[in-house]
Amino acid sequence: MNISNKFGDIKSYILELTDILWKYIQNIDSYPKNALLAIQPELMTTVIDTREACQSCEFYALPQLIKRNPYGMLIPNKQAITRLAERYYPHDEHRY
């Protein structure tokens with residue numbers, strides 16, 4: 001079982017990751033300082049949590065997936081999100 005069973009295609013997964021990161025950015029003070037993007041492919045789940053709270057997860061540092069726009073505001077980094085999604089959809093030929 002893998003992530004692709006839940007989302008069907010890479011474009012849907014990129015949208016899901018982007019949505020998760022927007023929620024994080026908008027509520028950043030509500031998350032632990034050591035929070036990471038946690039992906040558990042076996043359960044087809046992606047959340048922001050700590051290493052201690054997520055068993056069998058693959059973790060990614062949030063600063064790698066977020067950048068500042070020209071106005072200094074935090075936004076999801078589309079290129080980094082796409083590269084991450086490609087790890088779970090290596091053979092998806094759809095354009096995104």
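**Entry 1: ground rules**

I call a residue buried under 20% relative accessible area, exposed over 50% and partly exposed in between, with a 1.4 Å probe and protein chains only. This is a predicted model, and I kept to its limits: local features need pLDDT of at least 70, side-chain atom pairs count only at pLDDT 80 or more, and totals for chains, interfaces and linings use all residues. Residues are numbered from 1 along each chain as its sequence is written, and side-chain values use heavy atoms, with hydrogens and water left out.

**Entry 2: the cysteines**

I started with the sulfurs and found one disulfide in the structure, counting as such a pair of cysteine sulfur atoms within 2.5 Å. The partners are Cys-54 and Cys-57, with 1.6 Å between their sulfur atoms. Are these two cysteines buried or exposed? Both Cys-54 and Cys-57 turn out buried. A note to self: a disulfide is a covalent bond between the sulfur atoms of two cysteines.

I then checked Ser-56, which sits in the loop between strand 2 and strand 3. Ser-56 is exposed, at a relative accessible area of 57%. Its phi is positive, near 60°, in a residue other than glycine. I wrote that down because most residues other than glycine have a negative phi.

**Entry 3: the whole chain**

I counted three helices and five strands in the protein chain. Here helices (H or I, at least four residues) and strands (E, at least two) are DSSP runs, numbered from the N terminus. Reading from the N terminus, I get α-α-β-β-β-β-β-α.

The protein chain has 96 residues, and 43% of them count as buried. Its accessible surface is about 6300 Å², with 49% of that belonging to carbon and sulfur atoms; the areas come from the Shrake-Rupley method with a 1.4 Å probe, and for residues only the protein chains shown count as cover. I also looked at contacts (heavy atoms within 4.5 Å). Among those between residues at least 6 apart in sequence, 53% join residues at least 24 apart.

**Entry 4: strand 1 and its partners**

Strand 1 covers residues 36-40, and five of its five residues are buried. Leu-36, Ala-38 and Gln-40 point one way, while Leu-37 and Ile-39 point the other way. That fits the textbook rule that in a regular strand the side chains alternate between the two faces of the sheet.

Which strands does strand 1 pair with? I took two strands as paired if DSSP finds at least two bridges between them. Strand 2 (residues 45-49) is antiparallel to strand 1, with five bridges. In that pair Ala-38 is opposite Val-47, and Leu-37 has Ile-48 as its bridge partner. Strand 3 (residues 58-60) also runs antiparallel to strand 1, with three bridges, and there Ile-39 is partnered by Glu-58.

The hairpin of strand 1 and strand 2 has four residues between the strands, and Met-44 takes a positive phi near 55° there. Unlike strand 1, where I found five of five residues buried, strand 2 has an uncovered face made of Thr-45, Val-47 and Asp-49. Its covered face is Thr-46 and Ile-48.

**Entry 5: helix 2**

Helix 2 has 17 residues and spans 24 Å from its first C-alpha to its last, close to the 24 Å expected at 1.5 Å a residue; the expected span is 1.5 Å times one less than the number of residues. I listed its buried residues as Ile-10, Tyr-13, Ile-14, Leu-17, Thr-18, Ile-20, Leu-21, Tyr-24 and Ile-25. Down the helix axis these fall within an arc of 160°, so they line one face of helix 2. The arc is taken over the directions from the helix axis to the C-beta atoms.

On the face turned away from the buried side I found the exposed residues Leu-15 and Gln-26. Gln-26 has a relative accessible area of 58%. From Gln-26 to Ile-75 is 49 residues in sequence and 9.6 Å in space, C-alpha to C-alpha.

**Entry 6: Ile-66**

Last lookup: Ile-66, in strand 4 (residues 66-68). Ile-66 is buried, at a relative accessible area of 13%. What does Ile-66 contact, leaving aside neighbours within four places in sequence? I noted Leu-21, Tyr-24, Ile-25, Leu-74, Ile-75, Pro-76 and Asn-77. The C-alpha atoms of Ile-66 and Thr-18 are 9.7 Å apart, with 48 residues separating the two along the chain.
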